[in-house]
Amino acid sequence: MTSTAKKVPIPRNGVDYRGKIVLAPMVRSGECPSRLLALKYGADLVWGPETIDKALIGTTRHENPTTKTVDFTRQSSNGAKNPAINADQRESVIYRLHPEREGRRLIYQIGTSNPETAVEAAKLVAPDVAGIDVNAGCPKPFSTIGGMGAALLKTPDKLCSILSALVKEVGEPNEIGISVKIRILETEEETKALVTKLCATGITGLTVHCRTTPMRPRERAIRDQLRMVADVCREAGVACLMNGDVASREEAVGLISEYGVDGAMIATAAETNPSVFRTKPEGGKAPWEEVVKEYVKTAIEVENRWGNTKYLLGQMIPGKQPAYKAMMATKSYSDLVKVLDYQEEFGEMAKDVDKRLDIGEFEKPKLTKAERKAAAKQAEKEKEPQRTPTAAGIKRTADAAELDMPPDVARDRGPASVPEQASALAV
Ligand SMILES: Cc1cc2nc3c(=O)[nH]c(=O)nc-3n(C[C@H](O)[C@H](O)[C@H](O)COP(=O)(O)O)c2cc1C
C-alpha cells in the first residue's frame, strides 16, 4: 500500500479507525465504567453497547455534575413502584458517557431498521461522540424480528439507505464518521458484493465479525474472507477493522499485518479482563485482582447501576475464587467494598453512591402489587402526554438486553438470576 491510497476523508470531529485496537460494542458489558477501564488500559477507541434508535428518541440530555457524565435519560415507569422517590430518581439512564475521560474516542452503536428513526436518534448523541456505528450483525431474534442487526445483511438496500441517510444528515453536519459492523456471509462472493455496496455509502469505517450469522460464539472465527474484505475496503478508502477471537493487543498487531486490515476489535477477552489492551512493555495482561479493584473504583465514580456492576464483576472474578461467592452475596457498593477489602479506600464513596442509588441500607421498602398498581395509575394521571414505548423501543442494555425483558423487570432481578449463557451472546 502506498501513501497515495484512496481514503474517505475523516471528518473534523471524527476519528480514523486505522491503526486502532478497540473495545467492541457489548450490550450489558460495554457500559460506561467498562469503557473507561478499557481506555485506561490502552484501548484506542471504545464502542458503546448497541442502543436502539427508538430507545434514545424522547430522551433528555443531562450533564451530571456529580459523576461528570452526560446522561440521556427518560422518565421510568419504574418510578411508580415507589412514589416516595423524587422525580429525578425516576429518570432512568438510557445512555451514559463521560466526555472528559472518553473524549472523542467513543463510538455510539445504534440498533435500527429505519433511516428516519436512525437519523432522529443519532442526531441526539452526535455532538457528544466521535462516530455512529450501525449494528448489522446481531443474530438474536429480538433484533432480527424488528429487521435490525443481522437481518440487515439480508436487506442490503435498506442497510445502505440507513448508512447514506446517517452520512448526509448526521455525519456531515456534525463532522463525524459513520460506520457499520457486519458479519461475513456464507460465500466470499456474497460478502464481497455486500461490502462493495456498503463502502459506496460514504462510511468511513467497516468492522467485520469473522463469523456467519448462524455461528455460535464458541465456534472459531473464520478468517478466510478477511483479506478480501480488507482489499475491498482499501480500494474504496474505507478503514477496515477485524473482529472475532482476538485475545490481546499483541495478537491484534500480528493479525492486522497478516490479513492487511487496518485495525482490530476485541469483545469477550476484554469483557473478562480489559487489560488485554495493554502492551507487553507496559505490563501486558494484569491479574484479575488489580483489574477488579480498578473496575469497582470506576463503577463507583460514575455511579454505575448496581445490577450491571455486579454482573460485570461476575465476568471478571474467576468463579472458583472465594471473592466470587462473597461478591455474589452483596447487595450494595458498601457491602462490596467490605467483602473485597477496599473499605478503607472506597468506603465513604461507596456509601454516598448507595444513597444516591437507593440501594443497600438506603433501599426504600418495596410496595405490594396493589400499591404498585395504584401508584402507577396515579403517576399515569399526573404524567404529561408522552410517547408510548414500543417493544422495539425498549433499551437493550444491561440486564434487559439478552434476557429480552423490559428494563424495569430486569432491574429488579439480580445478576444471580441471569442465565449463565447470557454473556455468550454473539451479536
Ligand atoms: C456480552 C456481549 C454483548 C454484545 N453486544 C453487542 C452489541 O451490542 N453490538 C454488536 O455489534 N455486537 C455485540 N456483541 C458481539 C461482539 O461485539 C463481537 O462481535 C463478538 O463477541 C465477537 O468478538 P470476540 O470473538 O472478540 O468476542 C456482543 C458480544 C458479547 C459477548
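The paragraphs below lead from the chain as a whole, through its core and its helix packing, to a few individual loop residues.

The model is a predicted one, in which local features need a pLDDT of at least 70 and side-chain atom pairs count only at pLDDT 80 or more, while totals for chains, interfaces and linings use all residues. Residues are numbered from 1 along each chain as its sequence is written.

The chain holds 18 helices and 12 strands, where helices (H or I, at least four residues) and strands (E, at least two) are DSSP runs numbered from the N terminus. Of its 427 residues, 48% count as buried; a residue is buried if 20 or more other C-beta atoms lie within 10 Å of its own, exposed if 12 or fewer, and partly exposed in between, with C-beta atoms placed from the backbone. Two residues are in contact if their C-beta atoms, placed from the backbone, lie within 7 Å, and among contacts between residues at least 6 apart in sequence, 69% join residues at least 24 apart.

The largest nonpolar core (a set of buried Ala, Val, Leu, Ile, Met, Phe, Trp, Tyr and Cys residues joined through C-beta atoms within 7 Å) has 109 residues, and those with the most contacts inside it are Leu206 and Ile266. This core lies between domain 1 (21-277) and domain 2 (288-365), because both domains give residues to it; the domain bounds come from an automatic or database domain assignment. Leaving aside neighbours within four places in sequence, Ile266 is in contact with Ile21, Leu23, Ala24, Val246, Ala252 and Val276.

Helix α4 (residues 115-125) offers another view of the interior, with Pro115, Ala118, Val119, Ala121, Ala122 and Val125 buried. The elements that cover these buried residues of α4 include the helices α2 (53-56) and α6 (156-174), together with the strands β5 (69-75), β6 (91-97), β7 (106-111) and β8 (131-136).

Three helix pairs show how helices pack in this chain. For such pairs, axes are lines fitted to C-alpha atoms over the stretch in contact, and angles run from 0 to 180 degrees between N-to-C directions. Helix α7 (residues 188-199) and helix α8 (residues 226-236) pack at an angle of about 25 degrees with their axes 10 Å apart, and they are therefore roughly parallel to each other, since angles under 35 degrees count as roughly parallel, over 145 as roughly antiparallel, 65 to 115 as roughly perpendicular and the rest as oblique. Their crossing is right-handed; a crossing is left-handed if the near helix is turned anticlockwise from the far one by less than a right angle, and right-handed if clockwise. Among the residues that meet here are Val195 and Cys199 in α7, and Val232 and Ala236 in α8.

Helix α11 (288-301) takes part in the other two pairs. With α15 (343-357) it packs at an angle of about 40 degrees, the axes being 9 Å apart, so α11 and α15 are oblique to each other, and their crossing is left-handed. Val296, Lys297 and Ile300 in α11 meet Phe346, Met349, Ala350 and Val353 in α15. The axes of helix α1 (residues 32-40) and α11 come within 9 Å and cross at roughly 130 degrees, so this pair is oblique as well, but the crossing of α1 and α11 is right-handed. Here Pro33, Leu36, Leu37 and Lys40 in α1 meet Glu294, Tyr295, Thr298 and Ala299 in α11.

The loop between α10 (268-272) and α11 holds Val276, which counts as buried because 28 C-beta neighbours lie inside 10 Å. Apart from neighbours within four places in sequence, Val276 is in contact with residues including Ile266, named above for the core, and Arg249. Arg278 is found in the loop between α10 and α11 too, and is buried, with 20 other C-beta atoms within 10 Å. Arg278 and Lys40 are 238 residues apart in sequence, yet 8.9 Å apart in space, C-alpha to C-alpha.

Finally, two loop residues have an uncommon backbone setting. Most residues other than glycine have a negative phi. Glu303, in the loop between α11 and α12 (306-316), has a positive phi of about 50 degrees although it is not a glycine, and is buried, with 24 other C-beta atoms within 10 Å. Asp341, in the loop between α14 (333-339) and α15, likewise is not a glycine and has a positive phi of about 70 degrees, but Asp341 is exposed, with 11 other C-beta atoms within 10 Å.
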